[in-house]
Amino acid sequence: MSTITPKGLEKLGLENIGNVFYNTDYDELITKEIENGECKMSDTGATICDTGIFTGRSPKDKYFVDQEPSNKNIAWGDVNQPVSREVFDELFELTKKQLSNKDIYVIDVFAGASKASRRNIRFVTEVAWQAHFVKNMFIRPTEEELKDFEPDFVVYNGCKATDENFKEHGLHSDVFVLFDIERNISIIGGTWYGGEMKKGIFSMMNYWLPLEGKLSMHCSANVGKEGDVCLFFGLSGTGKTTLSTDPERALIGDDEHGWDDDGVFNFEGGCYAKVINLDPESEPEIYGAITKGALLENVVYDEAGVVDYSDGSKTENTRVSYPIEHIKNHQEGLQAGHPSNIIFLTADAFGVLPPVSKLTKEQAMYYFLSGYTAKVAGTERGITEPVATFSACFGEAFLPLHPTVYAKLLGEKIDKHNVNVYLVNTGWTGGAYGVGKRMSIKDTRACIAGILNGSINDAEFDTLPVFNLSIPKSLDGVKDNKVLNPIQTWEDKDEYMQTLKKLASMFQENFNRYSGEGSEFDLASAGPQI
């Protein structure tokens, strides 16, 4: 146990607390995990836990207390559901009862590397590996900083408690992930999944920062030797982690960032990487990070602790959390200056978008709000039609405010700091999925290199019809320039145009919720025109 006693322990409202394991070091946490029967040890020194029946987040069980004045800021709907103060208080008592009369783990951390924008977060749990998880994922204060640590927000993780009266409470299930913004409290029950704590704080940073004129972002970020910063936005499967991991550039972070007056900063102090089919040759940094201090989730392993990363029998969402220090080429301080370039990544399975296009500010705001990628439907029944996915700001599930709030901030910062913005398609070329082929990683990396070294700005540009995107005619490192203009890679040009217009109509239909009467600004003209 830490020699420091956390300030405000009596304010937690817990009864007859046993031992308080406060900001426990990794050695003791690992010992407790093994002693408690919560974890097993892998052959590389990482610990392995199972998160129970929930191997991912439970978004339908996430609610905010409907109360003034915060309820006037929240964009209510499927993502942000309301719950009454009375129901919250009842479940708060249930959660505190679950955490009372036993040993607890208290972890104090920072969310945000920028001192001007960070928040002090306290996590309380009875499960050692959950304490380990948040110690990995957030920024770890020094012993000196812990002496005067006062939490701005407290998360009570009572994962072993369930809401047996959820129907009477008007909730979706006996699982609850609730936020009281006015009292700066979150409570969790019924799910053990660690990602609820990570993304819960991300949701709160997405509430706090934009109201201060600071942009919160679901993106990865890296910085070059000359201090040039690049942001990578993209939904799952677009290559966000892979493309932002560059031996020539320092990693600021892989998932959550803020952008304030001083520049870009990581919200977190660790990484949370998928490990299904993890290959040491293609992702050596992640593979090498799975050592002592790392925490593996829901993986399959043998008696010797050797993990079979190809086995998804428990879940396809197998993951590892580890401190960012496990990545040798990370940015000290986890912050840098204002970005020079922003890249929106999409895996277009329709095969009609170019591998790279340069966006105007208005187009940047449009494609940011659209948050497009296309997933390939399951092929076990012969379905080959791609499915378009739109997630506002590339992270709609974590946005308490209306998406246009974030888009407006992005536009202001692009203007102020003269940032170049690009759309990069890592999906299909030469035809849709089933006919075309996946964009080569070599060509994609050549496009990224052209953006980062600025050579793309010296290229001549064509205009993609319907979408009106500016696409380079040639680019260093791209062997066949035909790939830069997707229509040239399709045998049937008429079919290409039909598919292009089909995707355009999907964009227009999705964007209807941001345009028309009552819209703060009209960006529909920056999107595709049929």
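Colleague: What makes the five strands in the order 2-3-17-20-16 an open sheet, and which are the edge strands?

Modeller: In this predicted model, the five strands stand in the order 2-3-17-20-16 with mixed pairing, and the edge strands are strand 2 (39–41) and strand 16 (270–274), each of which pairs on one side only. Neighbouring strands of this sheet are turned by 25 degrees against each other on average, direction ignored.

Colleague: How do you know that strand 17 and strand 20 pair, and in which sense?

Modeller: Two strands count as paired if there are at least two bridges between them, and strand 17 (residues 295–297) and strand 20 (residues 319–323) have three bridges, so they pair, in the antiparallel sense. Within this pair, E297 of strand 17 stands opposite R319 in strand 20.

Colleague: What packs on the sheet?

Modeller: Helix 1 (residues 26–35) does, touching strand 2, strand 3 (47–49) and strand 20, and its direction makes about 115 degrees with that of strand 2.

Colleague: Why is C39 in no disulfide?

Modeller: A disulfide needs two cysteine sulfur atoms within 2.5 Å, and the nearest cysteine sulfur to that of C39, belonging to C49, is 5.1 Å away, so the pair does not meet the cut-off. The sulfur of C159 is 11 Å from the closest cysteine sulfur, again in C49, which is too far for a bond, and the structure as a whole holds zero disulfides.

Colleague: Why are C39 and C159 called buried?

Modeller: Buried means a relative accessible area under 20%; C39 has 5% and C159 has 2%, so both residues count as buried.

Colleague: Which residues have the most contacts inside the largest nonpolar core?

Modeller: They are L231, L296, F344 and F467, in a core of 150 residues, while a second, separate core of 19 residues includes F232, I343, V424 and L484. In soluble globular proteins, nonpolar side chains tend to be buried together. Leaving aside residues up to four places away in sequence, L296 touches several residues, among them C49, V275, I290, Y309 and R319.

Colleague: How do you know that the side chain of Q81 makes polar contacts with the backbone oxygens of K60 and K62?

Modeller: A polar contact requires suitable N or O atoms within 3.5 Å, and the side chain of Q81, a residue in strand 5 (residues 81–83), reaches the backbone oxygen of K60 at 3.1 Å and that of K62 at 3.1 Å, so each distance falls within the limit. Beyond four places in sequence, Q81 also touches other residues, including P59, Y63 and W76.

Methods
Residues are numbered from 1 along each chain as its sequence is written. This is a predicted model: local features need pLDDT of at least 70, side-chain atom pairs count only at pLDDT 80 or more; totals for chains, interfaces and linings use all residues. Side-chain values use heavy atoms; hydrogens and water are left out. Buried means under 20% relative accessible area, exposed over 50%, partly exposed in between (1.4 Å probe, protein chains only). A nonpolar core is a set of buried Ala, Val, Leu, Ile, Met, Phe, Trp, Tyr and Cys residues joined through side-chain atoms within 4.5 Å. Contact means heavy atoms within 4.5 Å. Helices (H or I, at least four residues) and strands (E, at least two) are DSSP runs, numbered from the N terminus. Axes are lines fitted to C-alpha atoms, for helices over the stretch in contact, and angles run from 0 to 180 degrees between N-to-C directions. A polar contact is a pair of N or O atoms within 3.5 Å; within protein, one must be able to donate a hydrogen and the other to accept it, and residues adjacent in sequence count only if both atoms are side-chain atoms.
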